[in-house]
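Me: I would like to go through this structure by question and answer, with the reasoning set out each time. Please begin once the model is in view.

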Amino acid sequence: MKWVFWGSAAFLAYTYIGYAGWLWFRNRIRQRPVLASEHTPTISIVMVVRNEAAVLERKLNNLLELDYPQDLSEIVVVSDGSTDATNQILAYYSADHRVRVVLNPESRGKAASLNDAIATARGEVVMFTDARQKIEPPALRLLVRNFADPSVGCANGELMLGNPDSGEVVRGLGLYWRIEKYIREMESASGSVVGATGALYAVRRELLVPVPAGTILDDVYIPMHVVRQRHRVIFVPSARAWDIADQGSGLEFSRKVRTLSGNYQLVQLAPWLLSSSNPLRFEFISHKLVRLLAPFALAAAFVAPLALPQTIYRVAFLLQLGFYGLSVASMTKLAKGPLARVADAASTFVILNSAALVAFVKFVTGRRIAWVR
């Protein structure tokens, strides 16, 4: 049981600290700056929507107001079997010559509709976005200028959780997202990012590949194929999109389960990700896969001390019990004052690992993951 405890502890330490530490060290010995400069290729902004009438007008106005030459950009929107007012809104905006619309009468899934959008797009660079987030006006230009560097195949922006007026949320899920972005920054500075921000990323058109039907994480599948073709995927924190920080615990949990399930699916769809043909094999495993096993290591580290009589293991058990108690205090709104921030972090940690466990169950039972906005 000592081996179980210390092995689990070492695994968790690498998962949450070790990989970030390795990236920090790599950045100290190897930097790969991007040779960005003013660059204005033709752009196709691609978006797949399904029943997004509540936010679609705001999003289309946002895209039409981006700071980029109008004669060099177009917006391609595919409606994936929408049954609300989405198609009527698209019909109205299609009067603008910059907006091109594809209406699929039946839902075929986001991946299939993305392929329709890519086939329709005419730009040298294709930018992908979602309906919910608001993109800052200079973001597109800030992304595209990186394509002046021929080694860059994909550039993705930063997703901010919060409000542009009041700033980014730093508690709970916001804290987790800030840590995730720090890892992406370090990956990008000395190599390539494992995946992209689905709300805002751009790819050279010639590097795009068809997305298999049913793909959950197109924003990882597409960038990893860019890397496979020996081009970089970089993170551009100055290009920003904003999203609501808290949209309800149920919806956020469903999104996280969907994302983590997508990591399992990626290995099925693209087994080459675990082979030497993946230039980011180590990073992919460290960033995406080891987190899937963290719930099992947490369970082992929690149970193992119960079979060990030494004081150190009893203390370890009590510390873990206290940590999980803080997460319960946060979920039940009992944590107040300075302790609330620690409790929020504990709660987020528990929720994310619970989502990883649910994702594992869905994967092994073959349950289908539905559209999640």
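Me: This is a predicted model. Which strand do two bridges join to β5 (residues 134-135), and what stands opposite Lys134 there?

Reply: In this predicted model, strand β5 is joined by two bridges to β9, and the two strands run antiparallel. Within that pairing, the residue of β9 opposite Lys134 is Trp242.

Me: How many bridges join β6 to β9, and which residue of β9 is the bridge partner of Leu161?

Reply: Strands β6 and β9 run parallel and are joined by eight bridges. The bridge partner that Leu161 has in β9 is Asp243.

Me: Is β9 largely enclosed by or largely open to its surroundings?

Reply: Strand β9 covers residues 232-243, and nine of its twelve residues are buried. Buried here means under 20% relative accessible area. With that count, β9 is therefore largely enclosed by the rest of the structure.

Me: Which residue of β2 is the bridge partner of Val48, and how do β1 and β2 run?

Reply: Strand β2 (residues 73-80) is mostly covered, with seven of its eight residues buried. Seven bridges join β2 to strand β1 (residues 43-49), and the two run parallel. The bridge partner of Val48 in β2 is Val78.

Me: Which residues touch the most other members of the largest nonpolar core, and which helix gives that core its largest share?

Reply: The largest nonpolar core has 45 residues, and those touching the most other members are Val46, Phe128, Val203 and Met224. Six residues, the largest share of this core, come from helix α7 (residues 218-228). Apart from it lies another core of 40 residues, which includes Val55, Leu159, Leu161 and Leu200. The helix asked for is α7.

Me: With which residues is Val203 in contact, leaving aside neighbours within four places in sequence?

Reply: Val203 is one of the residues that touch the most other members of the largest core. Beyond its sequence neighbours within four places, the contacts of Val203 are Glu124, Val125, Val126, Phe128, Phe147, Gly153, Cys154, Leu208, Ile222 and Val226.

Me: Why is α7 described as largely enclosed, and which residue with a positive phi follows α7?

Reply: Ten of the eleven residues of α7 are buried, so the helix is largely enclosed by the rest of the structure. Among the buried residues are Asp218, Asp219, Tyr221, Met224 and His225. The residue that follows α7, with a positive phi near 65 degrees, is Arg230.

Me: Is Asn146 buried or exposed?

Reply: Asn146 lies in the loop between α5 (139-144) and β6 (152-163). Not counting residues up to four places away in sequence, Asn146 touches Val34, Ala36, Val152, Ile234 and Val236. Its C-alpha is 8.3 Å from that of Glu38, although the two are 108 residues apart in sequence. Because its relative accessibility is 7%, Asn146 counts as buried.

Me: Is Asn263 buried or exposed?

Reply: Asn263 belongs to helix α8 (residues 249-269). Leaving aside neighbours within four places in sequence, Asn263 is in contact with Leu217, Lys288, Leu289 and Leu292. Its relative accessibility is 4%, so Asn263 counts as buried.

Me: How is α9 oriented relative to α11?

Reply: Helix α9 (residues 281-303) packs with helix α11 (residues 338-365) at an angle of about 105 degrees, with the axes 8 Å apart. In this contact, Arg291, Ala294, Pro295, Phe296 and Leu298 of α9 meet Phe349, Asn353, Ala356, Leu357 and Phe360 of α11. By class, the contact has eight nonpolar, one polar and one charged residues. Because angles of 65 to 115 degrees count as such, α9 is to α11 roughly perpendicular.

Me: How is α9 oriented relative to α10?

Reply: The axes of α9 and helix α10 (residues 311-331) come within 9 Å and cross at roughly 130 degrees. Leu298, Ala301 and Phe302 of α9 meet Phe317, Gln320, Leu321 and Tyr324 of α10. Six nonpolar, one polar and no charged residues make up this contact. The orientation of α9 to α10 is therefore oblique.

Me: Is Val350 buried or exposed?

Reply: Val350 is found in helix α11. Leaving aside neighbours within four places in sequence, Val350 is in contact with Phe323, Tyr324, Ser327 and Met331. The cut-off for this class is under 20%. At 19% relative accessibility, Val350 therefore counts as buried.

Technical notes
Residues numbered from 1 in each chain as written. Predicted model: local features only at pLDDT ≥ 70, side-chain atom pairs only at ≥ 80, totals over all residues. Heavy atoms only, no water. Core = buried A, V, L, I, M, F, W, Y, C linked by side-chain atoms within 4.5 Å. Buried < 20%, exposed > 50% of the residue type's maximum accessible area, 1.4 Å probe, protein only. Helix = DSSP H or I, 4+ residues; strand = E, 2+ residues; numbered from the N terminus. Contact = heavy atoms within 4.5 Å. Axes fitted to C-alpha atoms, helices over the stretch in contact; angles between N-to-C directions. Parallel < 35°, antiparallel > 145°, perpendicular 65-115°, else oblique. Nonpolar A, V, L, I, M, F, W, Y, C, P; charged D, E, K, R; others polar. Pairing = 2+ DSSP bridges.
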